[in-house]
Amino acid sequence: MTHSAFHPTARTLMGPGPSDVNPRILEAMSRPTIGHLDPQFVGMMEEVKAMLQYAFQTENALTLPVSAPGSAGMETCFANLVEPGDKVVVCRNGVFGMRMTENVERRGGEAVVIDDAWGEAVDPDKLETTLKAHPDAKIVAFVHAETSTGVRSDAKTLVEIAHRHDCLAIVDAVTSLGGTELRVDDWGIDAIYSGTQKCLSCVPGLSPVSFGERAVDKIKSRDAKVQSWFLDLNLVMGYWGGGATRAYHHTAPINALYALHEALLLLEEEGLENAWRRHDLNHQALKAGLEAMGIRFVVDEAHRLPQLNAVWIPEGHDDAAIRSRLLNEFNLEIGAGLGDFAGKVWRIGLMGYASNPKNVISCLAALEAVGLKSAESAIAAAQAIYDNP
Ligand SMILES: *Cc1c(COP(=O)(O)O)cnc(C)c1O
């Protein structure tokens, strides 16, 4: 025998995802695998859809988890909604906006890109001006919570502008779902995708999506077939759509869906708005601690994501050396900077189950232990927030 069982060290995951998985979710995953058309399983699928509607705050019937990670949710939205020749305005202020552009072009669409600087929110005025200049645009796409920079954009306003110019809005909510205020129906979002491994604290590998009526109409009235067989919602709905005629499309990731069911149950038990409040409180405490250490945030206060704290690495500290000490000595993972932010920025996640006082305090203590000294006590500063929330 050359190989043996794989037993990873338990880590505390405070990066850009995956986040710590609640033990209840891991336990749910280990339950017996049953058939993907077993009536018991089908009953569970209906509950998953209903709980996803709650998480997204929508009554959209077409709400389901795609059997693949967040990137596949992105592909699902673009593959189904973009037809060859469609003009799509992509608001780009980080890595994930760049991927949206790729998606449009690979579907044969024409991408009109609006750039905002990394660390800044999408500018609604620029969207307005661009849509005036491109009256034939059909879709607007943007990232609600840009995980590469820690920025939240004003989804409600951006969707309003898109609608005023007769465009559908595709929204990336991979990092916002369950962590930050998100209201699909109130805000009129036409198509949205998320992921399970960020603020839902579930295992990676599933992508909840939801489509409103106008998006469904566009999908049904397409001239060309959706170019991806696997992601074609017209076919996927034969399995997820419900009713007695449910038929095989692909083998659902059965146990991963048990995990999602449990994650959504945890969210329902806590209450969505309580989950948003918890993410905010732990962010406030971490911020107080980091600022006591003299660490500065990349994003201005009005546009910060509570679940993804992007901070400048203080002068004189070695990015890679510190992150590897945190990992090796404290089993703590924080995120590195991407692209222009590589080596300059840390991304400290407080997502889902990982967003708790124990993680905030132990992260601050670990940063001090590896050399980030502070004049006043970072831990006392964080604790003061919990004492007087
Ligand atoms: C993580 C992430 C994705 C991609 O999700 P995967 O599950 O890694 O495929 C897309 N968009 C945003 C904003 C993300 O943070």
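Select helix 5, residues 124–133, where Leu127, Glu128, Thr130 and Leu131 are buried; buried means under 20% relative accessible area, exposed over 50%, and partly exposed in between, with a 1.4 Å probe and protein chains only. Helices (H or I, at least four residues) and strands (E, at least two) are DSSP runs numbered from the N terminus. The model is a predicted one, in which local features need pLDDT of at least 70 and side-chain atom pairs count only at pLDDT 80 or more, whereas totals for chains, interfaces and linings use all residues. Residues are numbered from 1 along each chain as its sequence is written, and side-chain values use heavy atoms, with hydrogens and water left out.

Next, display the elements around helix 5. Its buried residues pack against strand 3 (87–92), strand 4 (110–115), strand 5 (139–143) and helix 6 (155–164), contact being defined as heavy atoms within 4.5 Å. At the N-terminal end of helix 5, aspartate 123 acts as the cap, with a side-chain oxygen 2.9 Å from the backbone nitrogen of aspartate 125.

Turn now to the aromatic rings. Rings of Phe, Tyr and Trp (its six-membered ring) pair if their centres lie within 6.5 Å; planes under 30 degrees apart count as stacked, over 60 as edge-to-face and the rest as tilted. Four aromatic pairs result from this rule. Select tryptophan 118 and phenylalanine 341, an edge-to-face pair with 5.5 Å centre to centre and 90 degrees between the planes. This pair links distant parts of the chain, 223 residues apart: tryptophan 118 is in the loop between strand 4 and helix 5, and phenylalanine 341 is in the loop between strand 12 (332–336) and strand 13 (345–349). Tryptophan 118 counts as partly exposed because its relative accessibility is 22%, while phenylalanine 341, at 7%, counts as buried. A second edge-to-face pair is formed by tyrosine 239 and tryptophan 240, with 6.1 Å centre to centre and 75 degrees between the planes. Add Trp312 to the selection: ring pairs link Trp118, Trp312 and Phe341 into a cluster.

Proceed to the ligand. Its surroundings consist of Pro69, Gly70, Ser71, Phe96, Val143, Ala145, Thr147, Asp172, Val174, Thr175, Gln197 and Lys198, each with a heavy atom within 4 Å. Select serine 71, whose side chain has an N or O atom 2.5 Å from an oxygen atom of the ligand. The side chain of aspartate 172 places an N or O atom 2.7 Å from a ligand nitrogen, and a polar side-chain atom of threonine 175 lies 3.1 Å from a ligand oxygen. On its own the ligand has 380 Å² of accessible area, of which the protein covers 89%, as computed by the Shrake-Rupley method with a 1.4 Å probe.

Select arginine 183, in the loop between strand 8 (168–172) and helix 7 (184–187). Its relative accessibility is 17%, so arginine 183 counts as buried. Its side chain is joined to that of glutamate 181 by a polar contact of 2.7 Å; a polar contact is a pair of N or O atoms within 3.5 Å, and within protein one must be able to donate a hydrogen and the other to accept it, residues adjacent in sequence counting only if both atoms are side-chain atoms. Neighbours within four places in sequence aside, arginine 183 is in contact with Phe56, Gln57, Glu273 and Trp276.

Finally, select histidine 250, in the loop between helix 9 (233–240) and helix 10 (254–270). A polar contact of 2.7 Å connects its side chain with that of serine 67.
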